[in-house]
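I sat down with a coffee and a fresh notebook page to go through this structure. Here is what I looked up, entry by entry.

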Amino acid sequence: MSGAKTKGNKKKGNGNSDAVPVEPPRLIPNAQNSQIAPPETSPVGSVASSTAISPINSNSNSSPKRQKQPKEPRSLEASLFSPATAPVIAVASATVVATIPEKKFKDMTPEEQRIFKEKGEAEKLAKKLAKQQQKGGTKQQPQEQQQQQQQQSQKQPKQSSSTSAVATQPNSTNSNSTTTASLNSLGASSNSLLSAQLSTNNTMTPPPLLTTMSSQAANMRAASQIRFDDVRHQKRAVVKGRTLAQKPVALLAHLTQFEKSGMGAARTIQLMDGQQQRNNNMVHPAVIALGVQFSEFIISGGIARCVAMLAAFKRVIADYVTPPGTAIQRNLNSYLSKQIDHLTTTRGLAQTMKFAIRQLKSEISNMSIEISDEDTKVHLLHSIDTFIKERIVSAHESIVEKALEKVKHGDVILTFGRSAVVERLLIEAAERKIDFRVIISDARPKLEGKVLLRRLVALGVNCTYVLVTSLGAVMSNVTKVIIGASALLSNGALLSRTGTAIVAMMAYDAHIPVMVLCELIKFSELVQLDSFVWNEIGDPDELVNIKTQSPANVLPSVLTPPNQENNSQSKQPILKEWRDIPDLKLLNLHYDITPAHFISLVVCENGCIPSTSVLSVVTNMKLEEEKNLKKTTLIR
Amino acid sequence: MNTVVQNLVDRLRRRQVAGSFRVALETAKVHAIIVRGSRWTDAADLAASIAVKGALLQAAQPVELAATNITNRVIGLIREEERNLIADSGAASFNRDDLKNNVIDAIKEMTDEIENSVANISSQALEHIHSNEIIMTLGMDAAVERFLKEAAKLRKFQVIVAETAPSYSGQQMALSLSQSNIDVTLISDASIFAVMSRVNKVILGTHAVLANGGLVAPTGSNIIAAAAKHYATPVVVLTELYKLSQEYPFDVDAFGVPMSPDAIVGFAEIDADVVEGIDVVNPAYDFVVPDLVTLFITNM
C-alpha cells in the first residue's frame, strides 16, 4: 500500500521542520483525495514532501455535502439506537468505501490487519480535522476546556512568536496557532507550557496554582474522554499509538473504545517515538516500561498500580536534571505531567494513582525555593516513601485489624476477583487460625480470582471457586461478603471490577451483609449513577478466546446435534470471525457500579462507616488538603 | 418392547439424548411403540404400563423432566380416548383396536404440537418486541432464537447477549442472531448487572418450569433475572408446553446437574495439591425463583 511508508512522518515532526503545520496524522492514498478535494487548493508546494494529506484540510469548498453539521440533535438517538458507528463517520462513509480492501478481515495477514485497523482510526481523524479546519478559519478558537483556555491565553503570544517563522501560509495566523495549539493539546496541556517556557526567555511564570493543578487532576478523567461522540472532543480523546475500535458499541459512544493494535508494545513505542519527536526525550524509560506493564495487565489493581507508579516516579525524580533557567519546583511538575500523560495513553489512571499524583504535585509545588535541588529530590523521594508507608501499608494493617473483628469461627466468606486488601485480610485470618471457609467468585475474561485461589490454598484455607454465574448455587452457604474497591464514589456507589455488582446484588437479595474494604486514597469526589457514565472498555478479542472450554463440559442440549458439538466447540473459538459480521459487536467492560444500598459497611483506615457517609469523608479530606496547602503557602 | 425402552434409558443416561425437545420427542416415540406393540387388555392396564416405563425413563436422567411430562400427557390421552369411546358407543366395553388407533393418532398429534411449538411461540413475537428496544438474553435457546429472528423481520431492535461461560452457548446465540441482521452486542457474564440499566426487556429460554412457577434454566439465568428485578425490567420466559412439569422443588439444588470442574479450573493449569484443596462448583442449570419471572409465553 502506498500509505504504509509514510507512517514514520508524523505531523509534529513535519510541523517543526517544514512549513506545514496543518496536517492530520495519516495517510490516505491519492486516489481517494481526488475524490474528496481538488488538489489545486493545497496550501504549499512543500506539502509534496510528505504524502498527500493536506488537500483534505485546506479544501473547504468542495463536496458541500460533507460540510454537514455533526447532527447534534439526532446524535443522542443515533447513539442510543443506531446499530452503526458514531454518527460523524457515516457522513464520510461513502468516500471511504473506495479504500476498504475487498478481502475480509480474517483473510488478511497480520500486517494487513494492523494496517486496516490503523487506517480506520486515521481516516476518522482526517475527517475530524478537516471539519475542524473549516471552522478554524472563521472562529477565533474552538471551544476548549477551561484549563486549555487558561494556558492558551498564557502561551498564545509565545506560540505565535515561535511559529512566526513558520507562518508563510495563506491561512490566518490565528488558525495556525489554533490548530497548532489544538494539535499540541493532543499531548499534555502543560507540554506547551513547558515548550513556551523553554523557547522564550524565561518570564518567570508564576508556579501553577494548586487550584489549576487540582482542577487538572480532577479533570484527568477529562471531559473529552467521556465526550467522544462530540466532534470537538474527539481528536483530543484520541490517543496516539492506540487504535480506535473498529466496531464501537453505540451505547458507549461517549467513551473512547480502543483495541489492541496487534503488534504489541514494541511497535507502539516505535510509533510513539516517531510521532512525538518533541516529547521523545521527555518520557522516562521507567515510565515507558510501566506503561507496557499496565496495558498488558501485568500489573493491575489500584494499589499495585499506584505503588508501581510511585516507584517509577522515584526513579524519574532521581534522574531528573533541572533545565537551566528554571527551578525544580516549577519545572518538575510539568515534567511529571508528561510522564503521567504517557501513562494515560496506556490505561486510564486509577483513583489511587490520581490521589497520589495530587499529593506529589502539591508536595513539589510547596517546596521552598531556597532548598537546593539535591535536597529537594531527597525530600521528595522520602515523601513518596512516607506516602506508601502511611497511605497503603499502614492503612492496610489498620483496615485488616478492624475487619478481623467481624470474621468469626465458622464463617463462610464470599469474595470476588482479587483485591489486595481482601487478600491480606484472608491471609491474616488464616494465620490467626480462625476457622473459616472462602468462596472465591470470578469472571471472564480477566479471571483474576485464580491468583487469590492459589495463594489461599497454599496457606491451607478451605476454598471454593465458582464463576459468578453460579452464585445461586452457593449463596445459601455464605455468611458474609467481603469485597475490594477500585474507587468509592461520593454517592456511596462502589466502582470495582465488573462482576462485583452481581456478587453484592445476590448477597443483598439473600440478606447477607456486604463489607467493602477500601483505603482512603480510593475515596473519590466523583459521582456515577450507572456503569455507562464512565467505564473502561477493554480489548474485545479477550472475549473471543475461549481456551478453557473442554468438551466434557458442554451439556449437549437444545440445538446442536451430538455429532457436531465436539468438533466445533472445543477447538475453534466460536467468534473467530466476528469482525466480518457487521451486526455483531463485542463489549468488554472492565468496571461496574455497585449501588450504595447493596453495601452494608465500608471499612477504611479511619473506621467503619456506612456507604452513605463517603461524601462527608471525602469533603473532610479535601478540607485537610486545602488546610495543608494554606499552611505551607503561609510559611513561604 | 423392553429393548426399545432400555435403548432410550441408556441414551438418556449417556446424555446422547438431552434437552427437553429431544427428550420429549423420543419419549413420545417410545410410548407410541408401547401402545402399538405391547400386550395390554384395557385402558387402565395400558396406562399402568406406560407409567412404569415412564418412571424408568425419568429415573435415567432426573433433570430431564420432559420425560415425565410426556408420560403424563400420554396417560391423559389414553383416559380421554377411553372416555370418548365409551361416550360414543354407549356400551361399557369397546374395541381394543379402536382405542389403540385413537391413542396412536393422539400421540401423533401431540408430537406434531411439540415439533411446532417453537414456530407457534415465535408467531407471537411481534406482540412483545417493539422498535428500538434493547433486549437481553442469555445462552442458546431455540425458541428465543426463533422468536427474535421473527421479530427482526419487521422491527429494528438491539439484542445484548451474555456469553454464558463455561458453555459459551451465548456466543453461539450471538453469532446466529447477528447473521440474521439483528444488531447484537456480546458481553461477558460479569457485565450483566452493569448493562442492565439500559435493557428494556429480558427474554429467556428455560429447560423446565416447575410446579410453583420456578425455572430450571441454564446457569446464569438466576443472576440475569435477579438483576432485572432490581431495575424493574420485565423478564419474559419462553416455554413450550412440554416443559411444564408437575415437580415441586422441595430441594432447590436437586436440578443443578454438576458438571466437570475442568472447564472452570483446568486440571492442567493447577498443581496436584491445589486440586486436592479446592472445591469447584459448575452446575449446568440454575433454579430461578418464580417471583423473578414476569411472563410466560407458551405455544398455546
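My notes start with the contact between the chains and move on to sheets and loops.

**Entry 1: the interface**

I reminded myself that this is a predicted model. I first asked how many residues each chain gives to the contact. Chain A supplies 64 residues and chain B supplies 70 residues.

Next I looked up the area. The size of an interface is often given as the accessible area lost when the parts come together. For chain A and chain B I noted about 5,800 Å² buried between them, with 62% of it on carbon and sulfur atoms.

Then I turned to polar links. I counted 17 residue pairs in polar contact between chain A and chain B, both residues being at pLDDT 80 or more. On the side of chain A that touches chain B, the elements giving two or more residues include helix H4 (72–81), helix H19 (449–458), helix H21 (500–509) and strand E10 (584–587) of chain A. The largest share comes from H21(A), with six residues. By type, that side of chain A divides into 41 nonpolar, 15 polar and eight charged residues.

I also searched for salt bridges, and the interface of chain A and chain B has two. One that I wrote down joins the side chains of Arg444(A) and Glu163(B), at 2.8 Å from N to O.

**Entry 2: loops around that salt bridge**

Having met Arg444(A), I checked the peptide bond that follows. From Arg444(A) to Pro445(A) the bond is cis, with omega near -5°. Pro445(A) sits in the loop between strand E4 (436–442) and H19 of chain A.

On chain B I found another cis bond, from Ala165(B) to Pro166(B), with omega near 0°. Pro166(B) belongs to the loop between strand E2 (158–162) and helix H8 (169–178) of chain B. Thr164(B) is in the loop between E2 and H8 of chain B. I flagged Thr164(B) for its phi near 60°, which is positive in a residue other than glycine.

**Entry 3: strands that cross between chains**

Which strand of chain B does E10(A) join? I found strand E3 (residues 183–187) of chain B, running parallel to E10(A) over four bridges. Within E3(B), Thr185(B) stands opposite Lys585(A).

I then traced an open sheet of eight strands, in the order E13(A)-E12(A)-E9(A)-E6(A)-E3(A)-E4(A)-E5(A)-E8(B), with mixed pairing. Its edge strands are E13 (607–609) of chain A and E8 (278–281) of chain B, each paired on one side only. From one strand to the next the twist averages 25°.

Inside this sheet I followed one pair: strand E3 (residues 411–416) and strand E6 (residues 480–484) of chain A run parallel, joined by two bridges. Leu414(A) has Val481(A) in E6(A) as its bridge partner. Helix H17 (residues 373–404) of chain A packs on the sheet and touches strand E9 (514–517), strand E12 (601–604) and E13 of chain A. I noted about 140° between the directions of H17(A) and E12(A).

**Entry 4: a sheet in chain B**

My last stop was an open sheet of three strands in chain B, ordered E5-E6-E9, with antiparallel pairing. Strand E5 (208–209) and strand E9 (285–288) of chain B are its edges. E5(B) pairs with strand E6 (residues 215–218) of chain B over two bridges, and Ala208(B) stands opposite Val216(B) there. Helix H10 (residues 221–230) of chain B lies across E6 and E9 of chain B, at about 30° to E9(B).

Note on methods
Residues are numbered from 1 along each chain as its sequence is written. Chains are lettered from A and ligands numbered from 1 in the order in which they are written. Side-chain values use heavy atoms; hydrogens and water are left out. Contact means heavy atoms within 4.5 Å. Buried area is the accessible area (1.4 Å probe) that two parts lose on being put together, summed over both. A salt bridge is a side-chain nitrogen of Lys or Arg within 4 Å of a carboxyl oxygen of Asp or Glu. A polar contact is a pair of N or O atoms within 3.5 Å; within protein, one must be able to donate a hydrogen and the other to accept it, and residues adjacent in sequence count only if both atoms are side-chain atoms. Ala, Val, Leu, Ile, Met, Phe, Trp, Tyr, Cys and Pro count as nonpolar, Asp, Glu, Lys and Arg as charged, and the others, Gly among them, as polar. Two strands pair if DSSP finds at least two bridges between them. Axes are lines fitted to C-alpha atoms, for helices over the stretch in contact, and angles run from 0 to 180 degrees between N-to-C directions.
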